[in-house]
Amino acid sequence: MSAGRSATISRKTAETDIQLTLCLDGAGATKIKSGVGFFDHMLHHIAYHGMFDMELTATGDLHVDLHHTVEDVGICFGQALKQALGDKVGICRYGFFMLPMDEALASVVVDLSGRSYVVYSNPLSNRHAGSFALDLVEVFLRAVADRCGMNLHVSVTGTDPHHCAEAIFKGLGKALRRAVALDPRSKVAPSTKGVLE
C-alpha cells in the first residue's frame, strides 16, 4: 500500500464485517475479497482506472442476499474517500468520463462538493450479470455518494449487462481520478465559499 492520502475504515454489523484501506495516490494495486466475484471484478476496475491502491476484506450474510455486502462496502468506500481527501485543499473537485465498452456507453460525472446527490439512469434494472443483480450497482453508488458527500450523475446505454456495469465502474474510477487529483496552481479548497463540506 502506497503512502499519501489514505484512510482505513472498519465496519462491523450483524450483517457484515468489512475492512477497507484506500490510498488515493497509488498505482492501482488491489487486494479485494468481498465474497462476490463479479463485485470484486468491478471494484478492481475503480481502483485500477482511478490509480488508487485498495485493500478490502468483507464477509457478509451472502446466504440471505448480496445487498448488505454491496451496500456496506459502498458505505466504507465512501467514508474512505472522504477521510483520505481531508480538507480537500488543492483538489480538482470535478471529474467526468465517458467510457465505451463495445455496445455500452457510460457517462460518469462527479463533484466532490460535500453534498450528496445521485442521478442514475440505467435501462437495465431487473437484469443480471451472471448472478449479480444490476440493481445493486445503484445501491453501491448511492452508498458511496452519501458517505463521501459527492454529487454523482451516472447514465449508461447498452444491451449487454456485463458491459454496462463494467463501463460504469471503469468510468467512475476515471472520473474520481480526475476529481481527487491535486491542481498544482491551487492552494485552497476549490470553492468560492472557501470550504467544501
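**Group meeting: contacts in a predicted model**

Let me begin with a pair of charged side chains, those of Lys 170 and Glu 166, which form a salt bridge whose closest N and O atoms are 3.0 Å apart. I should say at once that this is a predicted model. The two residues are four apart in helix H4, and therefore about one helical turn separates Lys 170 from Glu 166. Both ends of this bridge are covered, since Lys 170 is buried with a relative accessible area of 16%, and Glu 166 counts as buried at 6%.

The helix that carries this pair, H4, runs over residues 161–180, and its 20 residues reach 29 Å from the first C-alpha to the last, which is close to the 28 Å expected at 1.5 Å a residue. Of those 20 residues 16 are buried, so H4 is largely enclosed by the rest of the structure. At the start of H4, a side-chain oxygen of Asp 160 comes to within 2.9 Å of the backbone nitrogen of His 162. Pro 161 has its place in H4 as well, and it is buried, with a relative accessible area of 11%.

Let me stay with charge for a moment. How many salt bridges does the structure hold? There are seven, and I will describe two further ones. In one of them, the side chains of Arg 5 and Asp 25 meet at 2.9 Å, N to O. Arg 5 lies in the segment before strand S1 (6–12), while Asp 25 lies in the loop between S2 and strand S3 (30–33), so this pair ties together parts that are 20 residues apart in sequence. Arg 5 counts as buried at 17% relative accessibility, whereas Asp 25 is partly exposed at 35%. In the other, Asp 17 and Lys 12 meet through their side chains at 3.3 Å, N to O; here Asp 17 is partly exposed, with a relative accessible area of 23%, and Lys 12 counts as exposed at 67%.

Against that background, Lys 88 deserves a careful look. This residue lies in the loop between helix H2 (67–85) and strand S5 (94–101), and it is buried yet has no salt bridge. Why is there none? The nearest side chain of opposite charge, that of Asp 111, is 7.6 Å away, and because a salt bridge needs the nitrogen and the carboxyl oxygen to lie within 4 Å, the two do not qualify. What Lys 88 does have is a backbone partner, as the backbone oxygen of Leu 112 lies 3.3 Å from a polar atom of its side chain.

A polar contact without a salt bridge also involves Thr 16, which is found in strand S2 (residues 16–23) and is buried, with a relative accessible area of 2%. Its side chain is joined to that of Asp 72 by a polar contact of 2.5 Å.

Now to the aromatic side chains, where a search of the whole structure finds five pairs. One of these is formed by Phe 38 and Phe 132, which are tilted, with 5.1 Å from centre to centre and 40° between the planes. Phe 38 lies in helix H1 (residues 37–50) and Phe 132 in strand S9 (residues 132–133), so the pair ties together parts that are 94 residues apart in sequence. Phe 38 counts as buried at 13% relative accessibility, and Phe 132 is buried at 2%. The rings of Phe 39 and Phe 140 have their centres 5.5 Å apart and their planes at 80°, so that pair is edge-to-face. It, too, links distant parts of the chain, with Phe 39 in helix H1 and Phe 140 in helix H3 (residues 135–148), 101 residues apart. Phe 39 is buried at a relative accessible area of 0%, and Phe 140 is buried at 0% as well. These four residues, together with Phe 77 and Phe 169, form one aromatic cluster. Elsewhere, Arg 178 lies over the face of Phe 96, at 5.3 Å from the ring centre.

Finally, a few words on helix H1. Its 14 residues should span 20 Å at 1.5 Å a residue, and its end C-alpha atoms are 20 Å apart, which agrees. H1 is mostly covered, with 10 of its 14 residues buried, among them Asp 40, His 45 and His 49. Met 51 follows the helix, and its phi is positive, near 60°.

Key:
Residues are numbered from 1 along each chain as its sequence is written. This is a predicted model: local features need pLDDT of at least 70, side-chain atom pairs count only at pLDDT 80 or more; totals for chains, interfaces and linings use all residues. Side-chain values use heavy atoms; hydrogens and water are left out. Buried means under 20% relative accessible area, exposed over 50%, partly exposed in between (1.4 Å probe, protein chains only). Lys and Arg count as positive and Asp and Glu as negative; His and the chain ends are not counted. A polar contact is a pair of N or O atoms within 3.5 Å; within protein, one must be able to donate a hydrogen and the other to accept it, and residues adjacent in sequence count only if both atoms are side-chain atoms. Rings of Phe, Tyr and Trp (its six-membered ring) pair if their centres lie within 6.5 Å; planes under 30 degrees apart count as stacked, over 60 as edge-to-face and the rest as tilted. A charge sits over a ring if NZ of Lys or CZ of Arg is within 6 Å of the ring centre and within 35 degrees of the ring normal. The expected span of a helix is 1.5 Å times one less than its number of residues.
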